[in-house]
Amino acid sequence: MNNQKQQKPTLTGQRFKTRKRDEKERFDPTQFQESIVQGLNQTGSDLEAVAKFLDASGAKLDYRRYAETLFDILVAGGMLAPGGSISDDLTRTEFCLFTAQEDLETMQAYAQVFNKLIRRYKYLEKGFEEEIKKLLLFLKGFTESERNKLAMLTGILLANGNISAAVIGSLFNENVVKEGVSAAFAVKLFKSWIYERDINAVAVALRKVSMDNRLMELFPANKRSCEHFSKYFTDAGLKELSDFARNQEAIGSRKELQKELQEMMARGDNFKDIIAYVREEMKKTSISEQLMIGIVWSSVMSCVEWNKKEELVCEQSIKHLKQYSPLLKAFTSQGASEIILLVKIQEYCYDNIHFMKAFQKIVVLLYKADVLSEEAILKWYAEAHVAKGKSVFLEQMKKFVEWLKNAEEESESEDEEEN
């Protein structure tokens, strides 16, 4: 028997050195900066050569990692410190956006450089938009000429769809607003944007990112009025932008009015008070009766929970509209307002499929309640209707229109006999 103590097994192994490729690379943009600056110094002011250099360099240099450094150099000539100053004056280039000529043609050429770069390296899109947002926050650190060039470039980039209108949010920062920097920058930006496209395209882009109602924020709080905005941009040669802002304010006012109207109906306020309130608002905001009848109709139709069954909703709508007919009558004193109301009813019945069969009954009810006149109904039938559900609704109205025409003829013949 072996009395010797049995040795316990031990784990042994070889210690491996970490491979170089597994080590986390230290963030050091210095070498990257030197490579880009050297290349730009060689290509000089030839923007075609700059675009080719940037295209080729993406295969050798880490654009993904050093995107901010790349864009800083292309715009300002070197890496930017917080506030907008160049952080290293030793490694910089004189061939950049800020040293270029201050004219639209040159800025268009620079926009093409950025466009080609981002189309070639799609992953730079997000970083480029973030760069523009940052640059707009640094505006006070740039000279007036540098701001003008950046504004023109930003307008062209927005027109080309290289960046979204969300970047404009940076202009609402208090530091750039309070000294008038944001408003002056916006003038150049919108001029180049509208020059490249038009005000309708600008409006669509602004609405897409909910910037259409925030343009007043380009001014300090004590100057945020439609009058000041309108005068400032009209004097700067941007009347179309002033008109757009006025229109947006009017839309905002109408939405607020409709909201208040719905609340008054929900509370059960009497019609006399509601009519008085609406007429006062019409005076204050210069809303025409034709616009107002559309608001009143929408409010009346949205203050009730409609039945989902087609056969029941018709009866429900007649009962509801009979109750609210005095309110509709108060804002159809003109023939044009009656036509607008008829079109609104047509669109509503088409857009809400359960109401398709209720159209004729609603019109007849409002005719009997003296909301709609014979003349307005006949004009709508003959020429003023819209395309939505046209064939269905004209067919529904055929017998009633014939009855109206016969009644009109009988009335005319009676008048002749009396004479």
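What is the volume of the largest pocket? The legends below, which describe close-up views of a predicted model, begin with that pocket.

**Figure 1. The largest pocket and its lining.** The largest pocket has a volume of about 220 Å³. Its lining comprises 13 residues, and those nearest the centre of the pocket are Leu-158, Gly-161, Ile-163, Trp-193 and Ala-205. Two elements, α6 (144-160) and α9 (199-208), each give two or more residues to this lining. The greatest contribution comes from α9, with four residues. By class, the lining of the largest pocket consists of nine nonpolar, two polar and two charged residues.

**Figure 2. Helix α6 and the glycine that follows.** Helix α6, one of the elements that line the largest pocket, has 17 residues. From its first C-alpha to its last, α6 reaches 24 Å, which is close to the 24 Å expected at 1.5 Å a residue. Of the 17 residues of α6, 13 are buried, so the helix is largely enclosed by the rest of the structure. Gly-161 comes just after α6 and takes a positive phi of about 80°. Gly-161 is also among the residues nearest the centre of the largest pocket.

**Figure 3. The second largest pocket, lined in part by helix α11.** The volume of the second largest pocket is about 190 Å³. Its lining is formed by Arg-246, Glu-249, Ala-250, Ser-253, Arg-254, Thr-285, Ser-286, Ile-287 and Leu-291. Helix α11 (residues 239-267) supplies the largest share of this lining, five residues. The lining of the second largest pocket divides into three nonpolar, three polar and three charged residues.

**Figure 4. The largest cavity and Cys-96.** The structure holds one cavity of 30 Å³ or more. The largest cavity has a volume of about 50 Å³. The residues that line the largest cavity are Leu-40, Gly-44, Leu-47, Val-50, Leu-74, Phe-95, Cys-96 and Tyr-110. Seven of these lining residues are nonpolar and one is polar, while none is charged. Cys-96, which belongs to this lining, is buried, with a relative accessible area of 1%.

**Figure 5. Cysteines Cys-96 and Cys-226.** A disulfide is a covalent bond between the sulfur atoms of two cysteines. A search of the whole structure finds zero disulfides. Cys-226 is buried, at 2% relative accessibility, and Cys-96 is likewise buried, at 1%.

**Figure 6. Two salt bridges within helix α5.** The count for the structure comes to 17 salt bridges. Glu-130 and Lys-133 form one of them, with their closest N and O atoms 3.5 Å apart. These two residues are three apart in helix α5 (residues 124-137), so about one helical turn separates them. An α-helix has 3.6 residues a turn, so residues three or four places apart point the same way. Glu-130 is partly exposed because its relative accessibility of 41% falls between the cut-offs of 20% and 50%. Lys-133 is also partly exposed, with a relative accessible area of 24%. A further salt bridge joins the side chains of Lys-134 and Glu-131, at 3.4 Å from N to O. Lys-134 and Glu-131 are likewise three residues apart in helix α5, a separation of about one helical turn. Both Lys-134 and Glu-131 are buried.

**Figure 7. The salt bridge of helix α10, and a salt-bridge network.** The side chains of Asp-235 and Lys-231 form a salt bridge with an N to O distance of 2.7 Å. Both residues belong to helix α10 (residues 226-235), where they lie four residues apart, about one turn of the helix. Asp-235 is exposed because its relative accessibility of 56% is over the 50% cut-off. Lys-231 counts as exposed as well, at 54% relative accessibility. In a separate network, Glu-68, Asp-72, Glu-131 and Lys-134 are joined by salt bridges that share partners. The buried residues Lys-134 and Glu-131 are therefore members of one network that also includes Glu-68 and Asp-72.

Methods
Residues numbered from 1 in each chain as written. Predicted model: local features only at pLDDT ≥ 70, side-chain atom pairs only at ≥ 80, totals over all residues. Heavy atoms only, no water. Salt bridge = Lys/Arg side-chain N within 4 Å of Asp/Glu carboxyl O. Buried < 20%, exposed > 50% of the residue type's maximum accessible area, 1.4 Å probe, protein only. 1 Å grid on protein atoms, 1.4 Å probe; cavity = no way out; pocket = protein on both sides within 12 Å on 5 of 7 lines; lining within 4 Å. Points joined across faces, edges and corners; volume = space filled by probe spheres on them. Nonpolar A, V, L, I, M, F, W, Y, C, P; charged D, E, K, R; others polar. Expected span 1.5 Å × (residues − 1). Disulfide = S-S within 2.5 Å.
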